[in-house]
Amino acid sequence: RGTFNRPTDMAFDPQGNVYIADGYTNSRVVKLAKDGTWLKETGTRGSGPDQFNTVHAITADSRGMIYVGDRGNRRIKVYDTELNLKTMYTNVGAPWSVCVTPGEKQYLYSGDSNGKIYKLDLDGKLLGWAQTSRNRGQTSCLIHELHCESENVVYKGDCSTWTVEKITIKPAK
């Protein structure tokens, strides 16, 4: 407890608490108070409901729900602020990165290593997906990080070509 080993991402809830995806070695999510006090942790290595296989991404929505990309188990796990598991989404490939859009109506985006970006509502309904990074010759690590600027603008970091790309998604008509 109190020691991280290869953390991969962090997020903040509306109260300023910090959630850390301690992913490659410790296979857990840690909650810290905004002053850095260790509050809680959840997870061990494995494929069960309270386990992770490479916790690789984490984000929070305005309600305080925490979305965790469990890359090796090909799912996004959803927790409340006390790290109680609420549900899991298994319709997004292997999530390497996740982000929640700002604004009154929020959406969850997830990106995988093959260049696919998935858009979901906060209940996990898949609203659509897009293929990025085609014809670049790489086969993995095409999305390593996502940042949600708005409902229709996402930035993608690529660790195969070491590039950042702004992606604008046309709204559905």
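**Briefing: an all-strand chain and its aromatic pairs**

The protein chain exposes about 8,600 Å², of which carbon and sulfur atoms supply 48%. The model is predicted. Its protein chain has 17 strands and 0 helices. The points below cover overall dimensions, burial and charge, two aromatic pairs, and the surroundings of Gly-43.

**Overall dimensions**
- The radius of gyration of the protein chain is 15 Å, which agrees with the value near 16 Å that a compact globule of 173 residues would have.
- Along the principal axes, the C-alpha trace of the protein chain spans about 45 × 35 × 30 Å.

**Burial, contacts and charge**
- Of the 173 residues in the protein chain, 51% are buried.
- Taking contacts between residues at least 6 apart in sequence, 37% join residues at least 24 apart.
- The protein chain carries 23 positive and 19 negative charges, and the mean positions of the two sets are 5 Å apart.

**Aromatic pairs**
- A pair of aromatic rings is described by the distance of the centres and the angle of the planes.
- The count of aromatic pairs comes to 2.
- In one of them, the ring centres of Phe-4 and Trp-38 are 5.4 Å apart and the planes stand at 35 degrees; because an angle that is neither under 30 nor over 60 degrees counts as tilted, this pair is tilted.
- Phe-4 belongs to the segment before strand 1 (9-12) and Trp-38 to strand 4 (residues 38-42), so the pair ties together parts that are 34 residues apart in sequence.
- Phe-4 has a relative accessible area of 32% and is therefore partly exposed, whereas Trp-38, at 15%, counts as buried.
- Phe-52 and Tyr-79 also form a tilted pair, with 6.5 Å from centre to centre and 40 degrees between the planes.
- This pair ties together parts that are 27 residues apart in sequence, because Phe-52 lies in strand 6 (residues 51-52) and Tyr-79 in strand 9 (residues 75-79).
- Both Phe-52 and Tyr-79 are buried.

**Surroundings of Gly-43**
- Gly-43 sits in the loop between strand 4 and strand 5 (44-45).
- Its relative accessibility is 19%, so Gly-43 counts as buried, the cut-off being under 20%.
- Which residues is Gly-43 in contact with, leaving aside its neighbours within four places in sequence? They are Ser-27, Arg-28, Asp-50 and Phe-52.
- Phe-52 is thus a contact of Gly-43 and also a member of the aromatic pair with Tyr-79.
- Between Gly-43 and Val-29 the C-alpha to C-alpha distance is 6.5 Å, with 14 residues separating the two in sequence.

Note on methods: Residues numbered from 1 in each chain as written. Predicted model: local features only at pLDDT ≥ 70, side-chain atom pairs only at ≥ 80, totals over all residues. Heavy atoms only, no water. Helix = DSSP H or I, 4+ residues; strand = E, 2+ residues; numbered from the N terminus. Rg over C-alpha atoms; globule rule 2.2 N^0.38 Å. Buried < 20%, exposed > 50% of the residue type's maximum accessible area, 1.4 Å probe, protein only. Contact = heavy atoms within 4.5 Å. Areas by Shrake-Rupley, 256 points an atom, 1.4 Å probe, with all protein chains shown as cover. Lys, Arg positive; Asp, Glu negative; His and termini not counted. Charge placed at Lys NZ, Arg CZ, Asp CG, Glu CD. Phe/Tyr/Trp six-rings, centres within 6.5 Å; stacked < 30°, edge-to-face > 60°.
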